[in-house]
Amino acid sequence: MKKVSLNILYLVLSLVIVAYILENLFTYAHYNFTPRSPVDWVMKLDSSATYDYVILGSSRSLNNLDPIQIEQLTGKRGINLGVNSGQPFDTKLFVQQLIKKRITKSIYIQVDDGWNNWNLSYKSIPGWLPFLEEDSIWKEFEELENKEYYYLKNIPFYKYAKFDSEIGVRDFLKGLTGQQLSSIKNFGHVAYHKVLKKENRTLEYNFSLLDKANPHITEIIELCKNNNIDVFFFTAPILNASQDHSVLQNYLPNYFDFTYLIKDPELFADLRHLNADGVAYFGEHICHIFEN
């Protein structure tokens, strides 16, 4: 019995040691290997990599604005750090890192009915997990008062096992072998090359907006003001939107509402995302706000 107990103890200790080794190895990879997410990308940037502007937000930033086109139209050089399912919480974390690293003096943030979300998206959380040891990042997660984040931070390798499809072994190997995201090669932009299906073109996109300040956006505005960063907000086009986003004018400086700018369904991939032709059209009509 004693021998069995010792064997179990040795096995447990071995697993803990392996977990600690893998935790440190995978975290090191996110700091030092080829970036595999927009978060990896911004965490690797330093003040030697400066841009005229940075675009932030959800996939409606990621898919709807092309920095290459904007540079061709304005001469301004920038990057798109939009993330799929990104929320104001994620955007605030990006703003903090951009200010800390002195990457840019102008930030452009896409806003829409995500305004109602005061938490982070479960889909966008994995990108930040390898960096929970950063005091400024952990402070934001800690304030969410969710014990799950404590476990993700302190149990070795738990984060990488739980979110294996996003930051696990496959992602580690791609970073190790230098497989850069295609979006980074395109300054952060990911284009859709499809056209909205005809049967979906009469659908209405219904949403409502809380007529109250989003605390994360309020913090962003204060952060930018205190650090002499120009911050602009905009809403990308939506096909058949049930309303506009004019309520946001009550809470945002430098706000531009393009909700109804594009009405041609041929320029959409779905109701909320433009295809490549739509991006080209949108870029021509939004480029003036990057000339400030």
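Me: How do the axes of helix H5 and helix H12 cross, and within what distance do they come?

Reply: The axes of helix H5 (residues 88-101) and helix H12 (residues 215-226) come within 9 Å of each other and cross at roughly 15°. The axes here are lines fitted to C-alpha atoms, for helices over the stretch in contact, and the angles run from 0 to 180 degrees between N-to-C directions. Helices (H or I, at least four residues) and strands (E, at least two) are DSSP runs, numbered from the N terminus. Please keep in mind that this is a predicted model, in which local features need pLDDT of at least 70 and side-chain atom pairs count only at pLDDT 80 or more, while totals for chains, interfaces and linings use all residues. Residues are numbered from 1 along each chain as its sequence is written, and side-chain values use heavy atoms, with hydrogens and water left out.

Me: Are H5 and H12 roughly parallel or antiparallel, then?

Reply: H5 and H12 are therefore roughly parallel to each other, given that angles under 35 degrees count as roughly parallel, over 145 as roughly antiparallel, 65 to 115 as roughly perpendicular and the rest as oblique. The crossing of H5 and H12 is left-handed, a word used if the near helix is turned anticlockwise from the far one by less than a right angle, with right-handed used if it is turned clockwise.

Me: Which residues make that contact?

Reply: On the H5 side they are Pro88, Phe89, Thr91, Lys92, Val95, Gln96 and Ile99, and on the H12 side His216, Ile217, Glu219, Ile220, Leu223 and Cys224, where contact means heavy atoms within 4.5 Å. The residues of this contact between H5 and H12 divide into eight nonpolar, three polar and two charged. For that division, Ala, Val, Leu, Ile, Met, Phe, Trp, Tyr, Cys and Pro count as nonpolar, Asp, Glu, Lys and Arg as charged, and the others, Gly among them, as polar.

Me: His216 caught my eye. Is it buried or exposed?

Reply: His216 is in helix H12, and at 7% relative accessibility His216 counts as buried. Buried stands for under 20% relative accessible area, exposed for over 50%, and partly exposed for what lies in between, using a 1.4 Å probe and protein chains only. Not counting residues up to four places away in sequence, His216 touches Pro88, Phe89, Lys92 and Trp118.

Me: Back to H5 itself: how many of its residues are buried?

Reply: H5 is mostly covered, with 13 of its 14 residues buried. From its first C-alpha to its last, H5 reaches 20 Å, close to the 20 Å expected at 1.5 Å a residue; the expected span of a helix is 1.5 Å times one less than its number of residues. Arg102 follows H5 and has a positive phi, near 55°.

Me: At what angle do H5 and helix H6 pack?

Reply: H5 and helix H6 (residues 135-142) pack at an angle of about 160°, with their axes 11 Å apart, and that makes H5 roughly antiparallel to H6. The crossing of H5 and H6 is right-handed. Phe89, Lys92, Leu93, Gln96 and Gln97 of H5 make the contact with Ser136, Ile137, Glu140 and Phe141 of H6, and the residues of this contact divide into four nonpolar, three polar and two charged.

Me: What is Gln96 in contact with, leaving aside its sequence neighbours?

Reply: Leaving aside neighbours within four places in sequence, Gln96 is in contact with Ser136, Glu140 and Leu223. Gln96 is found in helix H5 and counts as buried, at 17% relative accessibility.

Me: Changing topic, where is Phe187, the one with the odd phi?

Reply: Phe187 is in the loop between helix H11 (182-185) and H12, and its phi is near 60°, a positive value in a residue other than glycine. At 27% relative accessibility, Phe187 counts as partly exposed. Asn228, in the loop between H12 and strand E4 (230-235), has a phi near 55°, again positive in a residue other than glycine, and Asn228 is exposed, with a relative accessible area of 60%.

Me: Last one: what does Glu291 touch?

Reply: Glu291 touches Leu73, Thr74 and Lys76, not counting residues up to four places away in sequence. Glu291 is found in the segment after helix H13 (276-286) and counts as partly exposed, at 47% relative accessibility. Glu291 and Asp257 are 34 residues apart in sequence and 17 Å apart in space, C-alpha to C-alpha.
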